[in-house]
Amino acid sequence: MATIYELKRRAQELSAKKDSLSISPEEVGGLIDETLDVINEAEKNQIGLGIRNTYTTVAEMNADSTSPVGSDGKPLKFGQIVTVYDENTPDAVDNGNIYAFQNPGWKLVSTTGNLSVYAKKEDVETAKNTADAAQKKADEAAESAKKANENIGKLSDNIGTEAESESEDGTVWGELKSLSDDADSTSQDVSSLMVDFVHHSTERFDEIVTDASIVLEQSSATVEGGKVVFVASKGKFAYFVDNKYYPSWTGVDNYMNADRTSPHENKIYLFGNKTYIYFAGALLSADSDAMQLAASADLAAKAAKKSAEDAQTTASSALSLANKALSVINVNGICGGSVYSLPAAIAAITERENMDNTIYRKPGIVLTYKIAEGEWESKQFAGSSLEGFATEANWIDFGGAGGDMTGKGAVLLVDEIAPLSNGYYILQTAINALTTYETANETECIKPGVVIIYRTGKETFESKQLCASRADYNDLAAWSDFSSAAGGTVETDTEIIKDSVNPVAGGAVYDAMPVDVDGEQAEDGTVRVYMKNAEGLPLGDGFTFAVGTGGGGDVAGTIVYIYPQRTSLYAALGTDDLTIRLAILSRTGSGEMVSYNNIETLQLKDKSTGETLETFNVNRESSASDTDYSFTIPVKSYFSEAMNRKFVIVATDDGGNTAQKTISVTAVNLKLSRVWALYKTLQQGSGLVTMTDVFKLSSANKSTVTAHIKVGEEWKLISQTSVASTRSQDLQINVSSLGLTHGAYTVKIVAQDVESGVWSNYQFFDVMIVNPSSLMPVVSLAHSEETETAWSVRKYGAD
């Protein structure tokens with residue numbers, strides 16, 4: 001076979017010929033043929049280290065010594081390695097032996113039967129020489145591929161185009177062109193092989209340096225004669241020459257990743273008679289169980305860190321909710337001190353806010369403080385923004401005398417406004433009494449945020465606060481217990497609920513707060529790690545992984561994995577979208593010695609009761625991957641109304657191994673209703689206007705509400721807002737920017753549940769835009785439910 005230098009000389013001779021017909025097809029074809037031989041030899045001798053196949057016996061391996069194929073179906077190349085291991089006879093003498101393919105034949109290069117290297121000194125030296133020789137061959141192949149690629153480029157240029165060909169029918173040119181294209185394609189394949197070789201071949205280094213005071217230079221090494229070392233304190237390879245450590249040198253690509261931040265993952269490095277693998281910032285010896293232990297420790301550390309972060313988030317959420325619920329602040333209780341004036345109380349709570357990093361100053365907040373022994377004062381901040389928090393004029397008496405029934409007062413004493421001759425109030429009769437008072441006195445005292453106090457017994461009172469708009473005040477659910485001196489409690493959740501606006505009870509946070517990590521090891525060598533609360537009860541399903549058992553190079557434990565497509569499923573009530581989709585894998589072994597088992601049964605359980613709802617005999621193979629959600633469990637039949645349920649899925653493989661996963665499922669039924677069939681008039685040119693109490697949603701899940709207004713034949717966007725409430729909602733409209741003039745306009749509103757994507761129905765209503773100086777009557781339509789169809793007409797400005 002010709003050398004690369006002979007090919008280069010012949011290519012130069014061809015390129016020097018300029019006369020017509022001076023280059024014969026035989027010359028070109030011969031050059032291409034021999035160039036392809038060089039490329040083929042380069043490809044043949046590529047090396048990619050990593051165990052390519054596993055044989056159960058040496059005899060089986062020797063019988064496959066001519067044209068062996070790896071477990072990935074690709075032919076083995078010179079120097080690639082295989083191992084001998086029989087899991088049915090773990091004590092076999094040849095178990096763990098590693099052989100290198102000699103093309104043909106095999107050579108024993110290492111013995112790892114007990115995760116240690118027992119090779120004799122002379123065998124290790126032989127293996128080293130073999131690896132070094134293979135490395136040299138690969139380097140020569142790389143250079144050959146590079147030169148061949150250059151010559152093929154020149155050859156393609158010399159072939160020229162069909163139009164310039166002197167042959168009568170162009171067939172000679174066509175054949176040459178086809179050969180040139182094939183050679184170019186093969187050359188590119190070889191280039192790709194060389195990139196793969198850099199990342200997967202072995203690399204030898206000279207020393208591990210543990211001195212933590214080493215400082216890497218900021219420049220690259222410019223001289224040779226040094227040695228490659230691993231700097232443990234940096235977790236990087238460096239080039240040591242002239243008593244300096246350089247992070248970059250010729251050949252650094254074989255040791256470090258592209259951005260030079262770490263060595264190549266999953267690449268084997270050689271030092272002396274030992275092999276090392278880079279993992280999680282450290283170079284670990286492969287002749288011990290350090291790699292398995294490090295992997296287990298890394299998983300446990302990540303789980304603990306994640307749980308700690310979740311706990312911090314939970315605590316922050318609970319604190320935030322508690323602050324939202326705090327509407328009356330006892331200044332003496334929080335800030336200490338004896339007596340306060342209003343300015344002193346304002347200054348004290350402002351300073352305390354900065355110290356505690358907690359928001360105390362809020363619109364509508366009430367400060368209660370001692371002004372003298374046995375005497376207290378309460379003031380409510382009525383300013384429009386926190387910029388005026390320190391201005392005394394923005395503070396009004398809270399719950400004091402004066403009987404101001406204009407609606408500006410924050411507390412209404414129902415028994416003083418409408419005394420009963422006998423008996424006591426309940427919430428509904430208190431609301432009725434205030435409604436009667438408003439009608440008789442032509443005033444509005446019931447407004448959002450107002451607190452009403454009424455006597456419920458001889459020595460008992462009840463206080464309620466309107467936590468919705470005025471339009472909802474007849475809805476008893478719109479009134480929440482108000483925490484104040486008059487009694488009452490703040491509504492709390494007994495568990496942590498997504499999107500809830502209530503504070504979480506301390507006991508619920510206590511139960512859900514992870515404080516410790518625990519685990520248990522099964523007989524097959526698998527370990528389950530989970531978080532525990534202060535009572536020692538497990539939180540969540542935990543996770544299972546395999547660790548080394550000390551007997552061999554691979555872990556023989558079986559683990560069942562459940563990967564849900566969604567751990568929190570939101571879908572429309574009564575639809576097939578209420579289906580849990582899972583990827584389930586039962587896996588035995590580790591590394592390249594892995595087998596997958598069948599999944600035998602699935603159980604669907606109710607998490608709150610532990611009751612088994614259904615058992616599915618699936619009897620099928622594991623999912624193809626952790627994203628192959630081919631296992632399905634329909635749960636539509638378990639929802640008769642919109643609600644949330646938590647299910648536990650238990651998967652069992654054909655060996656009796658199990659895993660479980662908790663899935664939260666919410667059935668969504670989103671209904672949009674309007675408060676008004678026809679809205680009141682708005683003035684032309686009035687800018688941004690808030691239309692109060694326009695619509696309601698049937699679900700408190702977070703939804704996106706979109707409103708449009710029809711101007712001519714075009715629907716223009718009014719607003720798009722996020723709503724998570726079932727109470728009446730306002731709608732803002734900018735009359736000026738939309739160009740609305742004297743006339744009637746139709747508004748349509750629709751909502752979409754954020755989590756599930758479920759849409760609500762549409763609602764339509766008309767608004768009148770009035771120009772006071774115009775005498776033109778405005779005709780507005782009242783629409784039937786959920787359509788644009790008009791069922792009545794209202795006129796503005798008509799006689």
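User: In this predicted model, which residues are linked with Glu438 and Glu444 in a network of salt bridges?

Analyst: The model is predicted. Its network of salt bridges joins two glutamates, Glu438 and Glu444, to an arginine. That arginine is Arg470.

User: How far apart are the closest N and O atoms of Glu438 and Arg470?

Analyst: Glu438 sits in helix α10, while Arg470 sits in the loop between β19 and β20. The pair therefore ties together parts that are 32 residues apart in sequence. The two form a salt bridge, and their closest N and O atoms are separated by 2.9 Å.

User: Is Glu438 buried or exposed?

Analyst: Its partner Arg470 has a relative accessible area of 22%, so Arg470 is partly exposed. For Glu438 the relative accessibility is 6%. The cut-off for buried is under 20%. Glu438 therefore counts as buried.

User: Which strands does helix α10 lie across?

Analyst: Helix α10 covers residues 427–441. Relative to β18, the helix runs at about 125 degrees. The strands it lies across are β17, β18, β19 and β20.

User: What is the strand order in the open sheet of 4 strands?

Analyst: The pairing in this sheet is mixed. Its edge strands, β17 (411–413) and β20 (479–481), each pair on one side only. From one strand to the next, the twist averages 35 degrees. The order is β17-β18-β19-β20.

User: Which residue in β19 stands opposite Tyr454?

Analyst: Strands β18 (residues 451–457) and β19 (residues 460–466) pair in the antiparallel sense, over 6 bridges. Tyr454 falls within the β18 range. Opposite Tyr454 in β19 stands Glu462.

User: What is the C-alpha to C-alpha distance between Ile452 and Val411?

Analyst: Ile452 is placed in strand β18. In sequence, Ile452 and Val411 are 41 residues apart. In space, their C-alpha atoms are 5.6 Å apart.

User: Why does Ile452 count as buried?

Analyst: Ile452 touches residues including Leu412, Leu427, Leu434 and Trp479. Buried requires under 20% relative accessible area. Ile452 counts as buried because its relative accessibility is 0%.

User: Which strand supplies the largest share of the largest nonpolar core?

Analyst: This core has 30 residues. Among the members that touch the most others are Ile709, Leu731 and Ile749. Strands supplying at least two residues each include β25 (568–572), β35 (703–711) and β38 (743–753). The largest share, 5 residues, comes from β34.

User: How many residues are in the other core, the one with Val560 and Leu569?

Analyst: That core lies apart from the largest one. Val665 and Ala667 are also among its members. Its residue count is 24.

User: How many residues apart in sequence are the parts tied together by Glu207 and Lys227?

Analyst: Glu207 and Lys227 form a salt bridge, with the closest N and O atoms 2.7 Å apart. Glu207 lies in strand β6 (residues 207–209), and Lys227 in strand β7 (residues 227–231). The pair therefore ties together parts separated in sequence by 20 residues.

User: Is Asp576 buried or exposed?

Analyst: Asp576 forms a salt bridge with Lys636, the closest N and O atoms being 3.0 Å apart. Lys636 is partly exposed, with a relative accessible area of 33%. For Asp576 the relative accessible area is 55%, so Asp576 is exposed.

Notes:
Residues numbered from 1 in each chain as written. Predicted model: local features only at pLDDT ≥ 70, side-chain atom pairs only at ≥ 80, totals over all residues. Heavy atoms only, no water. Pairing = 2+ DSSP bridges. Axes fitted to C-alpha atoms, helices over the stretch in contact; angles between N-to-C directions. Contact = heavy atoms within 4.5 Å. Buried < 20%, exposed > 50% of the residue type's maximum accessible area, 1.4 Å probe, protein only. Core = buried A, V, L, I, M, F, W, Y, C linked by side-chain atoms within 4.5 Å. Salt bridge = Lys/Arg side-chain N within 4 Å of Asp/Glu carboxyl O. Lists of a residue's contacts leave out its neighbours within four places in sequence.
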